[in-house]
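Subject: Structure handover

Hello,

Here is the structure for your files. My notes on the strands, the core and a pocket follow.

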Amino acid sequence: MDWNFLMRWISILWTFSISFRHTYKYLQFQVSILADEILKNVEYDALRIVFNKFHSVVSFVPIVSIVLSAEIVERESESGGKLGELDSYAVEGGETKGEILQNLAEFQFSYVMFNAVLENACSEQGARMSAMDSSSRNASDMLDRLTLTYNRTRQASITTELIEIISGALALEVV
């Protein structure tokens, strides 16, 4: 496996996740390029794609999505597994079952990749919103505490000055 290739695309996905300022179509285009590159350069039986699934603004769930290669899917259909029923459908266009399964496997991989990027982005935005809400609340609390401290200090200063003035006036009366 070419680790440089893999790390390059991981950094691209990380960039999408960090700065989600890209348009939906541009993101879809980049993920499809990434999926094509992986399908061309990586041999696999099953790919595990790990991502955060958005659950709510304050929580997300780590998910592992498994994508089988077209060869494994074709073997499964030939052995009469769950995909064996594919033979009962009429196919137009002269494509073979292997070509159809290849296309479906590629589409599924692209879809899972795109879904993973979107779910990660939603989870990240939710975490950012939650963090900003907590920061705003903490800043407001800190501002309230500082205002209270300032007012107490000012009140103590005014009280001290009043005591000095009253003490001076009483001292003048005594004399």
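S1 and S2 form a hairpin with two residues between them; helices (H or I, at least four residues) and strands (E, at least two) are DSSP runs, numbered from the N terminus. The model is predicted, with local features needing pLDDT of at least 70 and side-chain atom pairs pLDDT 80 or more, while totals for chains, interfaces and linings use all residues. Residues are numbered from 1 along each chain as its sequence is written, and side-chain values use heavy atoms, without hydrogens and water.

Strands S1 (residues 46-56) and S2 (residues 59-68) run antiparallel and are joined by 10 bridges (pairing takes at least two DSSP bridges). Lys-53 has Val-61 in S2 as its bridge partner.

The largest nonpolar core (buried Ala, Val, Leu, Ile, Met, Phe, Trp, Tyr and Cys residues joined through side-chain atoms within 4.5 Å; buried is under 20% relative accessible area, 1.4 Å probe, protein chains only) has 17 residues, of which Val-31, Ile-38, Ile-49, Phe-109 and Met-113 touch the most other members. Helix H2 (24-41), S1 and H4 each give two or more residues to this core, and H4 gives the most, with six.

The lining of the second largest pocket (an open set of 1 Å grid points where a 1.4 Å probe fits, with protein on both sides within 12 Å along at least five of seven lines; lining residues have an atom within 4 Å of a point) includes Leu-39, Tyr-44, Ser-69 and Gln-102. H4 (97-174) and H3 (70-78) each supply at least two lining residues, with H4 giving the most, three.

Regards

Notes
Buried means under 20% relative accessible area, exposed over 50%, partly exposed in between (1.4 Å probe, protein chains only).
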